[in-house]
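Walk me through one stretch of this model, strand by strand. Start with the pairing, then turn to the loop.

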Amino acid sequence: MMLTRCAVRVRMAGAGTAVLCGALLLVSCGPTQHAESAGHGTPPVRAANAPAKLPVPRGKGSDVADDFNGDGHRDLVLDDLVKAQAHADDAGIGIVYGSARGLTPGARQLLSPAKQAVATKGQLPAVFEAEATCDLDGDGFTDLVVSTDPPYDGQGQPPVPLQVLFGSPSGLTGKAVKLVVPARARAGNDWPDQPVCGDFDGDDAQDLVLHASGSRLTYLRGPFTQKGAPKAATAPVPAPGELPTGPATDVNRDGYDDLVVRTADGTATSALVLGGPAGPTRTGTLLPAGIDVALGRFGKGKALDAVIGAMDGTALRYDLPTAARATLSSPGSMLDTADFDGDGLSELVSSGSRIKVFRGRTAGLSASGMVTVEPGAVGTTRVLSVGDFDGDGRADLAVRTYQGETKDSVAVFPGARKGLLSTEPTVAFSTSEFLEAG
């Protein structure tokens with residue numbers, strides 16, 4: 001049995017990591033060489049050609065996002081990896097750890113259900129997919145929530161498919177534990193899934209919101225124990241939709257994280273759900289229909305703004321919940337936001353057939369000065385992550401270009417004072433390095 005995953009997403013400005021190119025990288029840094037290495041007829045790169053395996057740096061804990069080993073440098077999660085051959089089993093989840101210079105492809109780890117997952121009724125899952133990252137137990141090491149496919153006969157409530165891998169000074173090295181969802185926090189016979197991390201009650205501990213059943217959410221208060229149990233859980237919370245989407249952020253600057261909840265009936269409308277002392281219980285601004293939603297600070301308003309992507313254009317709602325309306329004529333169905341130039345305003349990354357970056361200005365987003373990101377590799381390119389991967393205070397853009405299931409390249413383009421530098425990636429590699437077990 002395979003779990004159904006939601007195709008719609010929400011993105012907001014974040015932080016991240018990068019590394020200088022070197023002779024050992026699988027794909028050269030220059031766009032011309034990068035394209036040649038990914039050209040038609042070239043066999044997939046094997047693990048023997050990967051950068052030399054390096055130990056994961058040991059950390060002492062930090063408050064940096066996606067820092068699984070707590071060394072103060074953000075790490076990269078790769079949920080889609082090259083396969084040794086087409087139609088082979090999914091290898092699992094790849095982690096590339098960061099350093100003072102950014103991502104280090106040699107410091108890598110493969111998370112597989114065979115090694116990391118916990119069995120249900122004696123059966124290990126076949127599905128092992130990254131869902132959410134946050135420090136659930138508050139120890140200074142980011143944790144990873146994954147979805148699995150536990151055995152289920154279709155009778156009554158299904159088992160909880162979510163498991164947690166806890167970070168440590170050595171990274172994500174331990175066995176996963178099943179997320180504990182108390183019976184009082186469940187409803188109906190739906191899978192408890194779609195996890196979103198956030199501090200929804202303002203107590204400085206990370207909570208989790210899940211889909212419960214119908215238009216109801218499961219709200220689990222943190223901190224969590226290392227056995228996967230929340231501090232507390234309430235009865236399911238009514239919501240304006242079925243699909244909680246993250247990442248969560250404090251949109252109206254009141255000290256409580258908020259999230260977007262979407263409908264699953266094909267209309268793809270959405271609404272902001274506001275956090276408070278009792279958690280995410282209040283419906284805020286209603287947003288128009290679209291394929292994707294992103295939150296960021298695009299203008300000079302006091303609150304954050306929203307962009308909603310569709311095939312025929314992009315709708316903007318400035319200064320939530322006031323929600324002054326605007327549109328961006330350039331269509332883009334998948335959206336991400338980040339501050340690439342360090343001026344405090346978010347840029348919009350709009351991707352579909354091409355990846356375009358629109359710069360944030362005090363008057364709002366504009367198509368003027370738009371940058372097109374062209375990795376140079378042959379294939380389909382998708383955004384992996386946005387964030388400050390090199391520690392310079394500006395976000396960077398990580399993308400993956402792939403041809404089928406057996407060839408790919410990952411490239412990180414750096415942010416700069418004048419905006420995103422899209423001509424030369426500062427790190428480039430192939431996920432084929434994870435073909436080497438572990």
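Leucine 208 has leucine 220 as its bridge partner in strand 11. The model is predicted. Strand 11 covers residues 216–221 and runs antiparallel to strand 10, with four bridges joining the two. Four residues lie between these strands in the hairpin, and there glycine 214 adopts a positive phi near 55°.

Strand 10 also pairs with strand 9. That pairing is antiparallel too, again over four bridges. Here glycine 198 sits opposite aspartate 207 of strand 10.

Next, the surroundings of strand 10. Five of its five residues are buried, so the rest of the structure largely encloses this strand. In a regular strand, side chains alternate between the two faces of the sheet. Both faces of strand 10 are covered. Asp207, Val209 and His211 are buried on one side, Leu208 and Leu210 on the other.

Now the loop. Strand 9 (193–198) and strand 10 (207–211) are connected by a loop that holds aspartate 199. Is aspartate 199 buried or exposed? Aspartate 199 is buried, yet has no salt bridge. The nearest side chain of opposite charge belongs to arginine 221, 7.7 Å away. A salt bridge would need a distance within 4 Å.

What lies by the side chain of aspartate 199 instead? Backbone nitrogens do. That of glycine 202 is 3.0 Å from a polar atom of the aspartate 199 side chain. The backbone nitrogen of aspartate 204 is 2.9 Å from a polar atom of that side chain. Beyond its neighbours within four places in sequence, aspartate 199 is in contact with residues including Asp207, Tyr256 and Asp257.

Conventions: Residues numbered from 1 in each chain as written. Predicted model: local features only at pLDDT ≥ 70, side-chain atom pairs only at ≥ 80, totals over all residues. Heavy atoms only, no water. Buried < 20%, exposed > 50% of the residue type's maximum accessible area, 1.4 Å probe, protein only. Lys, Arg positive; Asp, Glu negative; His and termini not counted. Polar contact = N/O pair within 3.5 Å; in protein donor to acceptor, adjacent residues only side chain to side chain. Contact = heavy atoms within 4.5 Å. Pairing = 2+ DSSP bridges.
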